[in-house]
Amino acid sequence: MKPSAAAAHSLQYDFDLTRHNTLRLPARAQAYARFHSVSELLSLLAMADREGWPVRILGGGSNILLNGEVPGLVLSSAMTGIRLLGGDEQYQRVAVDAGCHWHDWVCRSTEFGHGLENLALIPGSVGASPVQNIGAYGTEAGDYLESLTGIQLSTRQWRTLAASECRFAYRDSVFKRELAGDFIVTRVVFRLRRQFMPDLSYGPLKAWSESTEQVTPQALIAEVCRIRSDKLPDPEVTPNAGSFFKNPIVTASVAQQLQALHPSLPVYPQASGKVKLAAGWLIEQAGWKGRWLGHVGVHDRQALVLVTDGQADYAALRQLQQAIQRSVMAQFGVALEPEPQVF
Ligand code: EPU
């Protein structure tokens with residue numbers, strides 16, 4: 001059977017993904033397509049079934065590690081609708097298509113309600129945001145997500161998951177666990193606060209708020225962008241995937257022992273009783289900040305970010321990742337876990 005006209009039109013074979021991942025790791029997809037409608041997505045999935053292709057979904061490519069040839073069909077959402085669903089006195093509910101650029105959505109979100117301001121300038125798409133429950137400056141996407149809809153690949157069934165079913169945790173969700181690689185998010189419903197109640201718990205934001213005339217949503221977004229641009233490299237200029245490692249979470253007694261040995265170690269007690277450590281601090285103390293191994297290096301202003309010169313491949317990145325993990329383990333006895341997922 002011939003693929004439908006819409007699917008055939010958007011499909012590209014042997015597609016170069018190098019420009020589609022922010023680390024610029026070289027990779028090629030057997031087939032690639034952007035879908036502009038649900039019917040186009042369905043006809044592409046039907047085609048993948050006929051061809052026997054595995055299917056993967058690619059968002060902004062800012063949290064993945066690509067390794068050479070990608071078999072099957074890589075899909076990307078080009079759907080960017082934003083629709084107000086309604087609300088009550090406290091909240092507004094807004095449905096946002098997965099293909100929206102995350103930062104564009106954060107900027108638009110203030111027209112409807114509040115809560116996402118601290119998440120400005122995080123690279124990636126709305127559809128990818130729940131996967132690792134993106135977060136910054138005291139806020140996580142999952143805090144403002146009501147539900148999401150998409151297709152489970154193994155069953156080809158549409159599903160709507162409430163936030164509680166997404167099992168959000170620090171840089172974690174069901175989409176990195178039971179549903180890893182098995183779910184195409186097509187739409188996310190956010191629940192935004194009508195009232196602007198800024199989260200200024202992050203030290204530098206608190207300091208800024210005390211010295212600024214008026215903390216408006218737009219001013220907060222601008223300040224978050226300023227702080228991020230100051231510490232984190234722009235992936236358009238310097239390939240990177242944001243924080244490369246998660247901040248490790250250890251028991252209170254391990255944290256206490258480490259603090260006794262290293263009084264300047266930043267520690268963040270969690271509601272669970274465990275303690276989050278600053279991986280950037282550990283990596284810097286292990287002597288890696290600003291160091292390069294071939295085409296991959298450790299950012300000189302934030303040791304949690306690995307950067308490349310645009311010529312690196314997966315193997316080179318892995319080599320530096322493992323060297324850092326070994327150093328931090330040898331010096332502090334702490335295991336570091338990478339944040340980006342192998343695609
Ligand atoms: N630090 C160092 N050396 C470094 C980097 C950090 O000593 O090279 C220390 C800092 O001085 C500070 C502490 O580590 O005391 C924490 O640093 P920072 O505030 O920069 O935040 P982070 O823990 O390194 C996390 C997120 C970022 C997020 C920021 C702000 C993770 C893995 N990373 O970084 O998220 O923007 O907090 O909330 O949780 C991302 O996930 O891609 C990301 C950029």
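Q: What distance separates the side chains of Glu-339 and Arg-171 in their polar contact?
A: This is a predicted model. Arg-171 is among the residues that Glu-339 touches. A polar contact joins the two side chains, at 3.2 Å.

Q: Is Glu-339 buried or exposed?
A: Glu-339 sits in the loop between helix 9 (314–332) and strand 20 (341–342). Its relative accessible area is 4%. The cut-off for buried is under 20%. Glu-339 therefore counts as buried.

Q: Which residues does Glu-339 touch, not counting residues up to four places away in sequence?
A: Near neighbours in sequence, up to four places away, are left out of this list. Arg-171 is on it, and the side chains of Arg-171 and Glu-339 also make a polar contact. The full list is Asn-63, Gln-132, Arg-171, Lys-176, Ser-243, Phe-244, Phe-245 and Lys-246.

Q: How far apart are the C-alpha centres of domain 1 and domain 3?
A: The domain assignment puts domain 1 at 5–77, domain 2 at 82–193 and domain 3 at 240–342. Eleven residues of domain 1 are in contact with 14 residues of domain 3. The C-alpha centres of these two domains are separated by 31 Å.

Q: Which residues of domain 1 lose the most area to domain 3?
A: About 1100 Å² is buried between domain 1 and domain 3. Carbon and sulfur atoms give 61% of that area. On the domain 1 side, three residues together account for 57% of what that side buries: Leu-23, Asn-63 and Leu-65.

Q: How many residue pairs are in polar contact across the interface of domain 1 and domain 3?
A: The rule finds zero salt bridges across this interface. Polar contacts are found there, counted with both residues at pLDDT 80 or more. The number of residue pairs is four.

Q: How many residues on the side of domain 1 that touches domain 3 are charged?
A: The residues of that side divide into three classes. Six are nonpolar and four are polar. The charged count is one.

Q: Is Gly-68 buried, partly exposed or exposed?
A: Gly-68 lies in strand 5 (residues 68–77). Its relative accessibility is 26%. Buried needs under 20% and exposed needs over 50%. Gly-68 therefore falls in between and counts as partly exposed.

Q: What separation do the C-alpha atoms of Gly-68 and Ala-27 have?
A: Gly-68 touches Pro-26, Ala-27 and Arg-28, not counting residues up to four places away in sequence. Ala-27 and Gly-68 are 41 residues apart along the chain. Their C-alpha atoms are separated by 4.2 Å.

Technical notes. Residues numbered from 1 in each chain as written. Predicted model: local features only at pLDDT ≥ 70, side-chain atom pairs only at ≥ 80, totals over all residues. Heavy atoms only, no water. Domains from an automatic or database assignment. Contact = heavy atoms within 4.5 Å. Buried area = accessible area lost by both parts, 1.4 Å probe. Salt bridge = Lys/Arg side-chain N within 4 Å of Asp/Glu carboxyl O. Polar contact = N/O pair within 3.5 Å; in protein donor to acceptor, adjacent residues only side chain to side chain. Nonpolar A, V, L, I, M, F, W, Y, C, P; charged D, E, K, R; others polar. Helix = DSSP H or I, 4+ residues; strand = E, 2+ residues; numbered from the N terminus. Buried < 20%, exposed > 50% of the residue type's maximum accessible area, 1.4 Å probe, protein only.
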